[in-house]
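Biologist: I have not looked at this one before. Can you walk me through it?

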Amino acid sequence: MTQRERMLSGGLYSAADPELFRLRQEARRLTRLYNQTAEDQPEERRRLLEALLGGVGENAFLEPPFRCDYGGNITVGRDFYNYDCIILDVCPVTIGDRVLFGPRVGLYGAGHPLDPEVRAGGLENGGPITIGDDVWLGGGVVVLPGVTIGAGAVIAAGAMVTRDIPSGVLAAGVPCRVLRPLNERDRTYWRGLQKVWRQD
């Protein structure tokens with residue numbers, strides 16, 4: 001098994017592996033170019049994202065600056081938006097459709113062994129991250145390895161998501177916990193405001 005295969009499976013691997021080093025260097029080159037683009041270069045931004053990421057949905061937009069480890073392990077759905085995001089994609093990171101990230105969201109799929117001797121040997125590990133459709137992560141949210149956030153969930157700003165969050169809930173805190181389900185009262189309130197907005 002190669003170090004890349006070990007990495008993607010969530011096992012211990014050496015980041016010093018030449019193949020992984022080369023892939024990280026290419027990701028840094030592409031993110032540097034992407035972050036240097038201007039607002040009037042949407043076609044160039046799209047071209048660079050398609051070269052960097054494993055998959056990019058229609059109308060997906062990553063507001064520069066953007067940072068990642070490998071890029072190729074990241075898939076984002078359509079109508080995705082983020083602002084100043086960091087994704088450590090040593091394992092697959094899958095982001096659904098119509099997902100919104102507030103400023104400085106971090107998806108940290110990378111980890112290190114808890115034992116200092118193993119850590120000093122240069123070994124690392126990680127876990128996949130999955131974000132369902134229609135999720136909103138508030139500013140400064142951090143998602144740790146191995147976490148799945150269900151469709152329609154809202155994670156409040158500053159939360160540290162250490163375990164799975166079910167669909168259709170409001171969650172917050174450090175560590176992040178479910179506060180309550182999102183319900184008909186929420187829908188009625190926000191759709192009422194939307195109706196007023198459309199009439200203005």
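Modeller: What follows is a short tour of pockets, salt bridges and a surface patch, and the model is a predicted one.

Biologist: Pockets, then. How much space lies in the largest pocket?

Modeller: The largest pocket holds about 430 Å³ of space. It is lined by 14 residues, and those closest to its centre are Asp134, Trp136, Gly152, Val154 and Leu182.

Biologist: Which helix gives the largest share of that lining?

Modeller: Helix 5, residues 184-199, gives the largest share, with three residues.

Biologist: And how many of the lining residues are nonpolar, polar and charged?

Modeller: Seven are nonpolar, two are polar and five are charged.

Biologist: What about the second largest pocket, how much space is in there?

Modeller: About 150 Å³. Its lining includes Arg4, Arg22, Glu26, Leu30, Tyr70 and Asn73.

Biologist: Which helices supply at least two residues each to that lining?

Modeller: Helix 2 (18-35) and helix 3 (42-52) do. Helix 2 has the largest share, five residues. By class, the lining of this second pocket splits into six nonpolar, two polar and three charged residues.

Biologist: You listed Glu26 there. What does glutamate 26 form a salt bridge with?

Modeller: Glutamate 26 pairs with arginine 29, and their closest N and O atoms are 2.8 Å apart. In general, side chains of opposite charge can pair when their charged atoms come close.

Biologist: Where do those two sit relative to each other in helix 2?

Modeller: They are three residues apart in helix 2, which means that about one helical turn separates them. Glutamate 26 is partly exposed, with a relative accessible area of 34%, and arginine 29 is also partly exposed, at 37%.

Biologist: Back to the largest pocket for a second. Which side chain meets aspartate 134 in a salt bridge?

Modeller: That is arginine 98, at 2.6 Å from N to O. Arginine 98 lies in the loop between strand 6 (93-95) and strand 7 (100-103), and aspartate 134 lies in the loop between strand 11 (129-131) and strand 12 (136-137), so the pair ties together parts that are 36 residues apart in sequence.

Biologist: How do arginine 98 and aspartate 134 compare in exposure?

Modeller: Arginine 98 has a relative accessible area of 32% and counts as partly exposed. Aspartate 134 is partly exposed too, at 39%.

Biologist: How many salt bridges does the structure hold?

Modeller: It holds 10. One of the others joins the side chains of arginine 187 and glutamate 184, at 3.1 Å from N to O. Both residues lie in helix 5, three residues apart, about one turn of the helix. Arginine 187 is partly exposed, with a relative accessible area of 35%.

Biologist: Which residues are linked in a network of salt bridges?

Modeller: Arg78, Asp79 and Asp97 are linked that way.

Biologist: Change of topic. Which residues form the nonpolar patch on the surface?

Modeller: Tyr81, Tyr83, Leu100 and Trp136 form it, with about 410 Å² of accessible area together. Trp136 has come up already, among the residues closest to the centre of the largest pocket.

Biologist: Where is tyrosine 81 placed?

Modeller: Tyrosine 81 is in strand 5, residues 81-88.

Biologist: Why does tyrosine 81 count as partly exposed?

Modeller: Because its relative accessibility is 31%, and partly exposed covers the range between under 20%, which is buried, and over 50%, which is exposed.

How values were computed:
Residues numbered from 1 in each chain as written. Predicted model: local features only at pLDDT ≥ 70, side-chain atom pairs only at ≥ 80, totals over all residues. Heavy atoms only, no water. Patch = residues over 30% accessible without salt bridge, like charges linked within 9 Å, V, L, I, M, F, W, Y side chains within 5 Å. Areas by Shrake-Rupley, 256 points an atom, 1.4 Å probe, with all protein chains shown as cover. Salt bridge = Lys/Arg side-chain N within 4 Å of Asp/Glu carboxyl O. Helix = DSSP H or I, 4+ residues; strand = E, 2+ residues; numbered from the N terminus. Buried < 20%, exposed > 50% of the residue type's maximum accessible area, 1.4 Å probe, protein only. 1 Å grid on protein atoms, 1.4 Å probe; cavity = no way out; pocket = protein on both sides within 12 Å on 5 of 7 lines; lining within 4 Å. Points joined across faces, edges and corners; volume = space filled by probe spheres on them. Nonpolar A, V, L, I, M, F, W, Y, C, P; charged D, E, K, R; others polar.
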